[in-house]
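Biologist: Could you take a close look at how two packed helices sit against each other here, and then at the nonpolar surroundings? I'd like one connected walk-through, cut-offs included.

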Amino acid sequence: MSPLTTPPVVVFACGNLSRGDDALGPRLLERLEQWLETEGRQESFELIYDYQLQLEHALDLEGRALALFIDAGDKTQPPFRFYPAQPSVSVAHTSHALPPEAVLGVWCRISPERRPPPSFVLCVRGEHFGLGAMMSQEARTHEDAAFSFLQSLCRAPDPASWQALSTEHS
């Protein structure tokens with residue numbers, strides 16, 4: 001990839017490897033990175049890991065055709081939810097734990113003349129999030145299902161295909 005080339009798809013993964021099932025996001029991102037290399041598709045994707053989404057992540061949306069946010073969810077329908085994210089008009093004045101909708105809202109504030117790229121959330125069901133906890137067997141099962149789904153997303157990286165795969169239609 002040329003340093004001047006912006007991959008059309010950005011994938012954000014959040015989570016903490018030291019908090020049990022909260023590791024789902026980073027683990028899926030790691031698996032995705034290996035799979036994209038094997039498939040020769042890494043040029044089309046930029047993968048970004050952080051403990052939590054920050055205001056600054058809105059800048060990573062620049063020049064993208066599509067965005068995906070991956071995270072673990074405590075009360076998520078198992079094994080995962082996949083749905084479109086819309087910008088939030090109200091952004092809390094905090095630098096901690098922003099939801100994807102708030103990041104999209106920041107984009108709208110800094111680039112009011114442009115819409116953010118079509119964006120989606122893959123929220124994978126977690127069970128145990130305690131500091132120092134091991135990943136639960138249920139979360140590992142959900143991770144495998146989510147990774148298979150993630151592969152299908154990356155085989156057809158376009159908004160219409162992703163919308164068709166959404167588990168929630170808006």
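Modeller: Helix H1 (residues 24-39) packs against helix H3 (residues 137-155) at an angle of about 45 degrees, and their axes are 10 Å apart. That makes H1 oblique to H3, as angles under 35 degrees count as roughly parallel, over 145 as roughly antiparallel, 65 to 115 as roughly perpendicular and the rest as oblique. The axes are lines fitted to C-alpha atoms over the stretch in contact, with angles running from 0 to 180 degrees between N-to-C directions. Helices (H or I, at least four residues) and strands (E, at least two) are DSSP runs numbered from the N terminus.

Keep in mind that this is a predicted model, where local features need pLDDT of at least 70, side-chain atom pairs count only at pLDDT 80 or more, and totals for chains, interfaces and linings use all residues. Residues are numbered from 1 along each chain as its sequence is written, and side-chain values use heavy atoms, leaving out hydrogens and water.

Now the contact itself (heavy atoms within 4.5 Å). From H1 come Leu24, Arg27, Leu28, Arg31, Leu32, Trp35 and Leu36, and they meet H3 residues including Ala139, Glu143, Phe147, Leu150 and Arg155. Sorted by type, the residues of this contact are 10 nonpolar, one polar and six charged. Here Ala, Val, Leu, Ile, Met, Phe, Trp, Tyr, Cys and Pro count as nonpolar, Asp, Glu, Lys and Arg as charged, and the others, Gly among them, as polar.

Leu150 takes us further in. The largest nonpolar core has 29 residues, and Leu150 is one of those touching the most other members, along with Val11, Leu68, Ile70, Phe82, Leu122 and Trp162. Such a core is a set of buried Ala, Val, Leu, Ile, Met, Phe, Trp, Tyr and Cys residues joined through side-chain atoms within 4.5 Å, with buried meaning under 20% relative accessible area, exposed over 50% and partly exposed in between (1.4 Å probe, protein chains only). Strand E1 (9-14), H1, strand E3 (66-73), strand E4 (80-85), strand E5 (119-125) and H3 each supply at least two residues of this core. H3 gives the most, with seven.

Leu122 shows the mix nicely: leaving aside neighbours within four places in sequence, its contacts include Leu68, Ile70, Phe82, Ala146 and Leu150. Another core, of 19 residues, lies apart from that one, with Ala58, Tyr83, Ala85 and Leu104 among its members.
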